[in-house]
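Trainee: Could you take me closely through one part of this model, a pair of neighbouring strands and the turn that links them, and then set that part in its surroundings?

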Amino acid sequence: MGASVSADCMCGYSDELRIGAGAADAGSVCYWPAVCSQCRKLVAVDRLASGHQCPDCGASVELLGDATVNDWVQDIAVESSGHALAAGPHACPVCDRNRLLFSPGSLAWD
Ligand SMILES: [Zn+2]
Ligand SMILES: [Zn+2]
């Protein structure tokens, strides 16, 4: 079952991303937030793929908050498929400052 996460920065950037996988895709894909420095935004990429690329521009992107649930994570915003996303702060793709925070999103999908 997929979940979603909201990202918000004090600069005004905010977005909501689907993470995890839908019922039809469970085990074959697992979407996770990543930063595209070309598009200057967050994108959801399949973390099970061998390379991670922006779905919009094709640039390579870095997965965010790549911690497993068993790792010590100070503040977990959301967890899905055995992975945990720390609430942050993370580097914001728009203002480049460490002020991007994640919180559980309102979307559920399957
Ligand atoms: Zn991009
Ligand atoms: Zn920002």
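Mentor: Let us take the hairpin of strand 7 and strand 8, which has 2 residues between the strands and in which Ser81 takes a positive phi near 50 degrees. Please keep in mind throughout that this is a predicted model. Strand 7 covers residues 76-80 and strand 8 covers residues 83-86, and the two pair in the antiparallel sense over 4 bridges. Within this pairing, Ile76 of strand 7 stands opposite Ala86 in strand 8.

Following the chain onward, we come to the loop between strand 8 and strand 9 (101-104), where Pro89 is found. The peptide bond that joins Gly88 and Pro89 is cis, with omega at about 10 degrees. The loop between strand 8 and strand 9 also holds Asp96, a residue other than glycine whose phi is nevertheless positive, near 65 degrees. Asp96 counts as exposed because 12 other C-beta atoms lie within 10 Å, and a residue is exposed at 12 or fewer. A useful counterpart is Arg40, placed in the loop between strand 3 (31-36) and strand 4 (41-46), which is again a residue other than glycine with a positive phi, here near 55 degrees. Arg40 has 13 other C-beta atoms within 10 Å and is therefore partly exposed.

Strand 9, at the far end of the loop that holds Pro89, belongs to an open sheet of 3 strands in the order 2-1-9, with antiparallel pairing. Its edge strands are strand 2 (14-19) and strand 9, each of which pairs on one side only, and the twist averages 30 degrees from one strand to the next. Strand 1 is joined to strand 9 by 4 bridges in the antiparallel sense, with Asp8 standing opposite Leu101 in strand 9. Towards the other edge, strand 1 (residues 3-8) is joined to strand 2 by 6 bridges, again antiparallel, and the facing residues include Ser4, opposite Arg18, and Val5, opposite Leu17. Strand 1 and strand 2 also form a hairpin, with 5 residues between them, and Gly12 in the turn has a positive phi of about 110 degrees.

The side chains of strand 1 alternate along its length: Ala3, Val5 and Ala7 point to one face and are buried, whereas Ser4, Ser6 and Asp8 point to the other face and are not buried. This pattern leads us to the largest nonpolar core, which has 24 residues, and in which Val5, Ile19, Ala34 and Val78 touch the most other members. The elements that give two or more residues to this core are strand 1, strand 2, strand 3, strand 4 and strand 7, and strand 3 gives the most, with 5 residues.

Here we return to the hairpin with which we began, since Val78 lies within the residue range of strand 7 and is among the core members that touch the most others. Leaving aside residues up to four places away in sequence, Ile19 touches Val78 and Ser80, and its other contacts are Gly2, Ala3, Ser4, Val5, Tyr31, Trp32, Pro33 and Ala44. Ile19, at the end of the range 14-19 of strand 2, thus has contacts that include Val5 and Val78, two residues that are named with it among those touching the most other core members.

How values were computed: Residues numbered from 1 in each chain as written. Chains lettered and ligands numbered in written order. Predicted model: local features only at pLDDT ≥ 70, side-chain atom pairs only at ≥ 80, totals over all residues. Pairing = 2+ DSSP bridges. Buried ≥ 20, exposed ≤ 12 C-beta atoms within 10 Å, placed from the backbone. Axes fitted to C-alpha atoms, helices over the stretch in contact; angles between N-to-C directions. Core = buried A, V, L, I, M, F, W, Y, C linked by C-beta atoms within 7 Å. Contact = placed C-beta atoms within 7 Å.
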